[in-house]
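Me: Hey, can we go through this one together? I'm still new to reading these.

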Amino acid sequence: MTGVPASAAGGTSAKSAPGGGKLGAVAVNQASLWNIANILTMLRLVLVPCFVALMLQDGGFDPAWRAWAWAAFAVAMITDIFDGHLARTYNLVTDFGKIADPIADKAIMGAALICLSSLGDLPWWVTGVILFRELGITLMRFWVIRHGVIPASRGGKIKTLAQGTAVGMYVLALTGPLATLRFWVMAVAVVLTVLTALDYVRQAVVLRRQGLAAERAAAESPR
């Protein structure tokens, strides 16, 4: 579907459809939503309630159910890696994907953190720090979006990997040295969460100052 040029896929129907080319264009745009990148994003959204149901089975402490919950979480994290890559590589970026992808990312991570804290496996302050950071950075991106886009940094990608690894280890019913290891992995994830948040704030302030300076220069320049 995505390999067919829009002109070939929708040209005939646009001419034959009553009302002219607009109806044909709408049909092509709607069809373009069903690409592999968006399907992976939708799969991740579906996995959120599945993960919660598996995580909380039998009171939330059964190792077998926790293993199934980890599998759902792992699939969601893997699709998060591939859907963005596929969308950029094969030009499958859509408005739906731009909105749904970050929602799916935060939904699966937020669901896991809240479940772990409600079960007493993870301190609530850790969940609060991570969720506050994610929500704050998202709002900040909207705050400066008219001046430019804050790109995802390498530190942010490492942070996401650390968070996913740490949360995944907490989802599993680990004991002994592995339980100790997951504590330190989560500690690293929290530190990276805070440091990358500060870096994004710095970038946002600089971007906004540059944008305002450019606007003032444009307003003062002779016409």
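Reply: Sure, one term to begin with: buried means under 20% relative accessible area, exposed over 50%, and partly exposed in between (1.4 Å probe, protein chains only). This is a predicted model, where local features need pLDDT of at least 70, side-chain atom pairs count only at pLDDT 80 or more, and totals for chains, interfaces and linings use all residues. Residues are numbered from 1 along each chain as its sequence is written, and side-chain values use heavy atoms, with hydrogens and water left out.

Me: OK, is Trp184 buried or exposed?

Reply: Trp184 counts as exposed, at 54% relative accessibility.

Me: And how many aromatic pairs are there?

Reply: Two. Rings of Phe, Tyr and Trp (its six-membered ring) pair if their centres lie within 6.5 Å; planes under 30 degrees apart are stacked, over 60 edge-to-face, and the rest tilted. Phe51 and Phe73 are a tilted pair because their planes sit at 45°, with the centres 6.0 Å apart.

Me: Where do Phe51 and Phe73 lie?

Reply: Phe51 is in helix 3 (residues 36-55) and Phe73 in helix 4 (residues 63-89), so the pair ties together parts 22 residues apart in sequence. Helices here are DSSP runs (H or I, at least four residues), numbered from the N terminus. Phe51 is buried at 0% relative accessible area, and Phe73 is buried too, at 2%.

Me: What about Phe183 and Trp184?

Reply: Phe183 and Trp184 form an edge-to-face aromatic pair, 5.1 Å centre to centre with 80° between the planes. Phe183 is partly exposed, with a relative accessible area of 46%.

Me: New topic: what comes just after helix 4?

Reply: Asn91, which takes a positive phi of about 55°.

Technical notes:
Helix = DSSP H or I, 4+ residues; strand = E, 2+ residues; numbered from the N terminus.
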